[in-house]
Amino acid sequence: MSAPDLTPEEAARWSDRSGLPLAADRHAPVAATAQHIHTVVSVLRELDFGDVPPAAVYCLHDEHDEEEESDAAV
């Protein structure tokens, strides 16, 4: 599903509506940034993560690993 590009005027309207008014010179950059984020998120939504475990699985490690990391020179 594709969405039409966000115009600078729409970016200004949405920012005002959310209580974060933008200066006139920021409308176009904010609209372009929002459009880029939308494009990236759209691509991520199409990916199949069916066999990938949750991120928390990668954060778990034993105390031995922590000791090795804390002894490393900076």
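Where does Val-52 lie? Hold on to that one for a second, everyone, and let me give you the setting.

What we have here is a predicted model. The protein chain has 74 residues, with 4 helices and 0 strands. Reading from the N terminus, the elements go α-α-α-α.

Now, back to Val-52. You'll find Val-52 in the loop between H2 and H3. Val-52 is partly exposed, and its relative accessible area is 46%. Val-52 also has company: together with Val-40, Leu-44, Leu-47, Phe-49, Val-57 and Tyr-58, it makes a nonpolar surface patch of about 670 Å². Two elements give two or more residues to that patch, namely helix H2, which spans 27–46, and helix H3, which spans 56–59.

While we're on the surface, here is the overall picture. The accessible surface of the protein chain is about 6600 Å², and 60% of that belongs to carbon and sulfur atoms. As for the inside, 9% of the residues count as buried.

So which residues of helix H1 are buried? H1 covers residues 8–17, and its buried residues are Ala-11, Ala-12 and Ser-15. Look at the spacing, and remember a handy rule: an α-helix has 3.6 residues a turn, so residues three or four places apart point the same way. Down the axis of H1, the buried residues fall within an arc of 100 degrees, so they line one face of the helix. That buried set packs against H2. Turn to the other side of H1 and you meet Glu-9 and Arg-17, both exposed.

Let's walk on past the end of H1. Gly-19 follows the helix, and its phi is positive, near 90 degrees. Then, in the loop between H1 and H2, comes Ala-23. Ala-23 is partly exposed, with a relative accessible area of 44%. If you'd like a link back to the helix, the C-alpha atoms of Ala-23 and Ala-12 are separated by 8.5 Å, and these two residues are 11 residues apart along the chain.

Last, a word on confidence. The mean pLDDT of the protein chain is 83, and 76% of the residues reach 70 or more. Which element has the lowest mean pLDDT, and which the highest? Helix H4, residues 63–70, has the lowest at 54, while H1 has the highest at 95. Where pLDDT is low, the predicted coordinates should not be read in detail. Please keep that in mind when you look at H4, with its mean of 54.

Thanks for listening, everyone!

Technical notes: Residues are numbered from 1 along each chain as its sequence is written. This is a predicted model: local features need pLDDT of at least 70, side-chain atom pairs count only at pLDDT 80 or more; totals for chains, interfaces and linings use all residues. Side-chain values use heavy atoms; hydrogens and water are left out. Patches are made of residues with over 30% relative accessible area and no salt bridge: like charges are joined within 9 Å, nonpolar side chains (Val, Leu, Ile, Met, Phe, Trp, Tyr) within 5 Å. Accessible areas come from the Shrake-Rupley method with a 1.4 Å probe; for residues, only the protein chains shown count as cover. A salt bridge is a side-chain nitrogen of Lys or Arg within 4 Å of a carboxyl oxygen of Asp or Glu. Buried means under 20% relative accessible area, exposed over 50%, partly exposed in between (1.4 Å probe, protein chains only). The arc is that of the directions from the helix axis to the C-beta atoms. Contact means heavy atoms within 4.5 Å. pLDDT is the predictor's confidence in each residue, from 0 to 100.
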